[in-house]
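Trainee: Could you take me through one part of this model in close detail? I'd like to start with the cavity and then see what surrounds it in the rest of the fold.

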Amino acid sequence: SGFCESISKPANRFNINQRKNNMTYQTLQQAAETRRSIYALNKNLPISNEEISEIVKHAVLHTPSSFNSQSTRVVVLFGEEHGKVWQFVEDALRAIVPAEQFEPTAQKLNLFKAGAATILFFEDQNVVKGLQEQFPSYAANFPVWADHANAMTQYAVWTTLAAAGVGANLQHYNPLPDAAIAKEWNLPESWLLRAQMVIGGIEAPAGEKTFEPVENRLKVFGA
């Protein structure tokens, strides 16, 4: 796609100005409205694996973080590698959920297995601890700020994927599969798993979304 081509080329003044001229805030708002939790997924991605990887790369590079810590780490898993994640989750859940009660859980996990890929989001605790040592007055805040950066990265990836026609939903089965995932892909011990995003082709759209009255959620002063 043109978007992915633009992010794979070195940035220059002309390209930056061109994007500014062509981009409107309404375009960003439309992408935000398109982003939904899609649970009925298939393996037929509308864009290539390479384009998916470029979208994630762009989000990792350009999402802000406190003190420019850049502590977020991401792993993208396609095909059989994607399936391994959800087998690890299933194995962990079978160890704690009674067998006679497992069928609803199995059905839910099958929805995730039906997707095409999983994106794992981590925070590097070595970076967080280093900042805590360097700035002790803010030590309690750095884990919170790291999660803020991670969430923004998740949102950037999710919204861009939605604009590209890719379905996604976000899961939080950590810490159940953490050890198995770290071992399988030889990930550093300092990487703390925060979320798992399942992506794929859209088998069925999300249902209608309801909204709490915005007047109860937003206050504006001085306008």
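**The cavity and its surroundings**

Mentor: Sorted by class, the residues lining the largest cavity are 6 nonpolar and 3 polar, with no charged ones. Keep in mind that we're looking at a predicted model. The lining itself is made up of S66, S69, S71, V127, V128, L131, F142, W145 and A146. Two helices, α7 (125–134) and α8, each put at least two residues into that lining. The space inside comes to about 40 Å³, and a search of the whole structure turns up 1 cavity of 30 Å³ or more.

Now look at the loop between α4 (49–62) and β2, where you'll find Q70. Its backbone deserves a glance: phi of Q70 is near 50°, a positive value in a residue that isn't glycine. Q70 counts as exposed because its relative accessible area is 53%, and the cut-off is over 50%.

From the cavity, follow helix α8, which runs over residues 142–163, along to Q154. Is Q154 buried or exposed? Its relative accessible area is 9%, so Q154 is buried. Setting aside neighbours within four places in sequence, Q154 has contacts with F121, L170, A195 and M197. Two of those names, F121 and L170, come up again in a nonpolar core of 19 residues, which also includes V56 and V166.

That core lies apart from the largest nonpolar core, which has 21 residues. Nonpolar side chains tend to be buried together in soluble globular proteins. Within the largest core, the residues that touch the most other members are W86, L109, L120 and I181. The elements giving two or more residues to this core are β2 (72–78), α5 (79–94), α6 (103–113), β3 (117–124) and β5 (191–202). Helix α5 gives the most, with 5 residues. If you want one residue to centre your view on, try I181: leaving out neighbours within four places in sequence, I181 is in contact with V85, F88, L120, F122, L187 and L193.

Stay with α5 for the charged side chains. The salt bridges in the model come to 6, and I'd pick out three of them here. In one, the side chains of E81 and K84 meet at 3.1 Å, N to O. Those two are 3 residues apart in helix α5, which means about one helical turn separates them. E81 is partly exposed at 28% relative accessible area, and K84 is partly exposed with a value of 28% as well.

K84 also meets the side chain of E184 in a salt bridge, at 2.9 Å from N to O. E184 lies in helix α9 (residues 178–184) while K84 is in helix α5, so this pair ties together parts that are 100 residues apart in sequence. E184 has a relative accessibility of 37%, so it counts as partly exposed.

Another α5 pair is E90 with R94, whose closest N and O atoms are 2.9 Å apart in a salt bridge. They sit 4 residues apart in the helix, which again means about one helical turn between them. Their accessibility is worth noting: E90 counts as buried at 11%, whereas R94 counts as partly exposed at 45%. As for shared partners, salt bridges join E81, K84 and E184 into one network.

The stretches on either side of α9 have backbone details to check. P175 is found in the loop between β4 (167–171) and α9, and the peptide bond from N174 to P175 is cis, with omega near 10°. On the other side, N186 is in the loop between α9 and β5. N186 isn't a glycine, yet its phi is positive, at about 50°. With a relative accessible area of 69%, N186 is exposed.

One last stop is Q30, in helix α3 (residues 25–34). Q30 counts as exposed, at 54% relative accessibility. Its C-alpha atom is separated by 9.7 Å from that of T159, and the two residues are 129 apart along the chain.

Conventions
Residues numbered from 1 in each chain as written. Predicted model: local features only at pLDDT ≥ 70, side-chain atom pairs only at ≥ 80, totals over all residues. Heavy atoms only, no water. Buried < 20%, exposed > 50% of the residue type's maximum accessible area, 1.4 Å probe, protein only. Contact = heavy atoms within 4.5 Å. Core = buried A, V, L, I, M, F, W, Y, C linked by side-chain atoms within 4.5 Å. 1 Å grid on protein atoms, 1.4 Å probe; cavity = no way out; pocket = protein on both sides within 12 Å on 5 of 7 lines; lining within 4 Å. Points joined across faces, edges and corners; volume = space filled by probe spheres on them. Nonpolar A, V, L, I, M, F, W, Y, C, P; charged D, E, K, R; others polar. Salt bridge = Lys/Arg side-chain N within 4 Å of Asp/Glu carboxyl O.
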